Amino acid sequence: MTFDTRSICIACWVSVPGQWVCAGMIQLVGLVWELNSQQQRSVHTQMMADSSPLTTHVLNTGDGVPAARMALSLHRLDSNLMIWSLLTVGTTNEDGRCPKIIERKDFIPGMYKLRFETGSYWESLGQTCFYPYVEVVFSIHDLEQKFHLPLLMSRFSYSTYRGS
């Protein structure tokens, strides 16, 4: 890794009776961060290993806020037995996201189901809803892609789409 930094700091001072006070500082920085190709591959590989190949973002569109603290679960269909196998459970964070739903090593081609516990979420807000849960079923074929599955919901409706 090589760094080339050039920095100029400019202080802005103002006179207050009897003293000088720094009103702020402007820093002009030129930073070039170069990685050789092997380091770039290593950083990319680590980022891919650390990131979930499947992400979600749940938004409470009725209130215009992220759906924080919503329970969810990920399942994969066993094509031989034709039953759903639970892979993982999680809870959305304050931004309505659930990082690390599944690790890349556990993500294989197949049919998946992401179940959102919408009834419990609305109940925690002291409200009722029409849909007690939402299940989104989707197929994975190309493991090289990243899959984003947002859920937009209110107490009486929901929609989802394949995001990027």
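Two strands are counted as paired if DSSP finds at least two bridges between them. In this predicted model, strand β3 (residues 54–60) and strand β9 (residues 147–153) are joined by seven bridges and run in the parallel sense. Within this pair, Val-58 stands opposite Leu-151 of β9.

Both strands belong to an open sheet of four strands, in the order β4-β3-β9-β10. The pairing in this sheet is mixed. Its edges are formed by β4 (65–66) and β10 (158–160), each of which pairs on one side only.

The UniProt annotation "binding site", from an unreviewed entry, covers His-57, Arg-97 and Tyr-161. His-57 is part of strand β3. Its relative accessible area is 13%. His-57 is therefore buried, as this value falls under the 20% cut-off. Beyond four places in sequence, His-57 touches Asp-95, Gly-96 and Arg-97, and also His-148, Leu-149, Pro-150 and Leu-151. A polar contact links the side chain of His-57 to the backbone oxygen of Asp-95, at 2.9 Å.

Arg-97 sits in a loop, between β6 (83–91) and β7 (110–116). Its relative accessible area is 35%. Arg-97 is classed as partly exposed because this value lies between 20% and 50%. With neighbours within four places in sequence left aside, the contacts of Arg-97 are Thr-56, His-57, Thr-91, Thr-92 and His-148. The annotated residues His-57 and Arg-97 thus touch each other. His-148 is in contact with His-57 and with Arg-97.

Conventions:
Residues numbered from 1 in each chain as written. Predicted model: local features only at pLDDT ≥ 70, side-chain atom pairs only at ≥ 80, totals over all residues. Heavy atoms only, no water. Helix = DSSP H or I, 4+ residues; strand = E, 2+ residues; numbered from the N terminus. UniProt positions renumbered as here; feature names shortened; annotations may be inferred. Buried < 20%, exposed > 50% of the residue type's maximum accessible area, 1.4 Å probe, protein only. Contact = heavy atoms within 4.5 Å. Polar contact = N/O pair within 3.5 Å; in protein donor to acceptor, adjacent residues only side chain to side chain.
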